[in-house]
Every structure is written in structure tokens, then in C-alpha cells.
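Got the viewer open? Let's take a short walk through helix pairs and then look at a pocket.

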Amino acid sequence: MKTKSFFVALSLLTCSSVYSQKIFTAIENQDFEKVSKLIEKGEDVNQKSKEYGITPLYSAAGTGNTKIVELLISKGADVNMTMKTTATPLNIAAQEGFTKVVEILLKHNVNPNIRDVNGWTALRFATRNNQMEIVKLLVENKATVDTKANDNATPFASAIGKGYLNIAEYLIKNGANINNIDKDNETPIMYCAQGGNLETVKFLLPYKPDLTIKNKDGKTALDLAKEKNNSEIVKLLQ
């Protein structure tokens with residue numbers, strides 16, 4: 001069963017904030033009429049919760065309620081406003097698989113390349129959660145394919161690490177670097193070699209990954225496969 005994300009949980013916690021109590025409660029309950037009335041009475045659509053810095057639009061995006069998202073934007077909600085962790089409404093919608101919300105945000109010129117505190121963009125969130133349709137939407141709307149997070153990993157590296165080969169193939173076709181080197185000086189094929197992911201190794205080899213690259217310990221993908229006794233992968237890499 002799919003669990004609620006940390007960010008959605010945070011959006012609900014904003015109800016403890018005095019000045020944002022009413023609008024966040026209405027958004028949590030997906031009460032369109034109540035949200036509309038609160039805005040008419042002067043509720044600030046760009047307010048931030050005191051503790052977490054979450055906006056009404058972020059919370060609405062996290063529920064997937066397109067009507068409330070559109071209402072907030074029509075009343076002046078900033079689609080690019082971030083919370084304290086610099087996460088955006090697009091990030092949460094991409095992560096949770098709310099395609100319609102992503103489409104609305106993109107239509108209103110959201111920046112798909114804003115990085116959160118960990119250096120993740122919406123594309124990384126979508127990739128990590130196997131949201132193929134959203135991955136395509138983001139790339140088609142100028143999301144940087146090879147954006148690097150704080151660990152120097154890319155969305156492609158994430159797709160390979162999770163075994164999402166349909167996304168990996170799509171990203172390669174759109175310019176992803178199959179030899180991306182992360183903070184440990186490891187490449188995507190190294191993840192597969194040491195993880196025993198035979199099918200992923202088979203997927204990568206036709207793209208001719210560089211097997212001479214060594215990680216911070218001086219080991220190649222072949223060395224890592226041998227170390228983990230992944231014999232079938234060793235045969236493929238020799």
C-alpha cells in the first residue's frame with residue numbers, strides 16, 4: 001500500500017500554525033467552497049506556515065485536488081514559491097504521481113529545475129517514484145535531464161538504481177549520461193554490478209558504458225561484481 005510522503009505529512013502539520021489554520025484545514029479536507037470563501041475574506045494565498053514554510057499551493061498539490069490548485073493559482077498563488085527545504089508544489093505533485101496537477105503547474109510556467117535542499121528536482125522525484133508519464137511531461141517542458149543532486153547522482157542514475165528501465169531508456173534517448181559519476185566515484189553500471197541486477201546490466205551493455213572507471217576504492221564494475229560473487233554479471237563484464 002502506498003504510504004503518504006513526508007512532504008504531504010508536513011502539509012497537514014501546518015494546521016498547527018495559528019494564522020494558516022483555516023485555509024490549510026480546508027485544503028486538507030479538500031473543501032473547495034471553504035477555501036474559496038477564505039480567499040474572498042482576504043486569506044493570503046502565498047502565506048507560509050511559521051514552522052515549515054509550506055504554502056497553500058504546496059499543500060493542495062500534495063492532495064492532487066486540481067480544482068483547489070487552479071483556484072489558488074487564479075487568485076495569485078506563486079507556482080515557484082518554495083518551502084524552507086526549497087521543495088516546490090511541482091516536486092510533491094511529481095513524486096505522488098498527480099499528472100493533472102503537474103500539467104496545470106507547467107501550464108502556468110512553473111520552473112521544473114528548482115532544486116530542493118538535497119539538490120533534487122521534480123524530475124528526480126518523478127523518476128525515483130516510477131512516474132513515467134510525469135517524467136515525459138517534465139522533459140518535454142525543459143527539465144534538465146542530467147541535473148546532479150548533492151550526491152552527484154542524476155535522475156538516470158536513480159532510474160538504474162531502482163530498475164526502472166523504461167524511464168532509463170527514455171532518459172538516454174534524451175541525452176542522459178550513462179557514465180555519470182557520483183560522490184563515491186561510482187557509475188550506474190557499478191550499482192548494478194554490485195547489486196546483482198543482471199537484467200539492468202544487460203540493458204546497459206549495448207550502450208557501451210565505460211567499464212574502466214574506478215570508484216573511490218579503486219574498483220571497477222567487474223571488481224565489484226566479483227567481490228559480491230555475482231557470477232553471471234562477471235561473465236558479462238569480462
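Before selecting anything, a word on angles: axes are lines fitted to C-alpha atoms, for helices over the stretch in contact, and angles run from 0 to 180 degrees between N-to-C directions. Keep in mind, too, that this is a predicted model.

**Stop 1: α10 and α11**

Select α10 (155-162) along with helix α11, residues 165-173. The two pack at an angle of about 155°, and their axes are 8 Å apart. Angles over 145 degrees count as roughly antiparallel, so α10 is roughly antiparallel to α11. Look at how they cross: α10 passes α11 in a left-handed crossing.

Now show side chains. On the α10 side, the contact uses Pro155, Phe156, Ala159 and Ile160. Facing them from α11 are Leu165, Ile167, Ala168, Leu171 and Ile172. Colour this contact by class and you'll get nine nonpolar residues, with no polar and no charged ones.

**Stop 2: α4 and α5**

Next, jump back along the chain to helix α4 (residues 56-63) and helix α5 (residues 66-74). Here the angle is about 160°, and the axes sit 8 Å apart. That makes α4 roughly antiparallel to α5. The crossing of α4 past α5 is left-handed.

Which residues of α4 and α5 meet? Pick Pro56, Leu57, Ala60 and Ala61 in α4, then Ile68, Val69, Leu72 and Ile73 in α5. By class, the contact has eight nonpolar residues, no polar and no charged.

**Stop 3: α6 and α7**

Move on to helix α6 (residues 89-96) and helix α7 (residues 99-107). They pack at about 150° with axes 8 Å apart, which makes α6 roughly antiparallel to α7. Once more, look for a left-handed crossing, this time of α6 past α7.

For the contact, select Pro89, Leu90, Ala93 and Ala94 from α6, and Val101, Val102 and Leu105 from α7. They divide into seven nonpolar, no polar and no charged.

**Stop 4: the largest pocket**

Finish at the largest pocket, which holds about 170 Å³ of space. To outline it, select Arg124, Arg128, Asp151, Ala153, Ala157, Ser158, Gly161, Lys162, Asp182, Lys183, Asp184 and Tyr191. The elements that give two or more residues to this lining are α8 (122-128) and α10.

Which element provides the largest share of the lining? That's α10, from your first stop, with four residues. Recolour by class and the lining shows seven charged, two polar and three nonpolar residues. For a last view, show the α10 residues from both selections: Pro155, Phe156, Ala159 and Ile160 belong to the contact with α11, while Ala157, Ser158, Gly161 and Lys162 are among the residues lining the pocket.

Definitions and conventions. Residues numbered from 1 in each chain as written. Predicted model: local features only at pLDDT ≥ 70, side-chain atom pairs only at ≥ 80, totals over all residues. Heavy atoms only, no water. 1 Å grid on protein atoms, 1.4 Å probe; cavity = no way out; pocket = protein on both sides within 12 Å on 5 of 7 lines; lining within 4 Å. Points joined across faces, edges and corners; volume = space filled by probe spheres on them. Nonpolar A, V, L, I, M, F, W, Y, C, P; charged D, E, K, R; others polar. Parallel < 35°, antiparallel > 145°, perpendicular 65-115°, else oblique. Left-handed = near helix turned anticlockwise from the far one by under 90°. Contact = heavy atoms within 4.5 Å.
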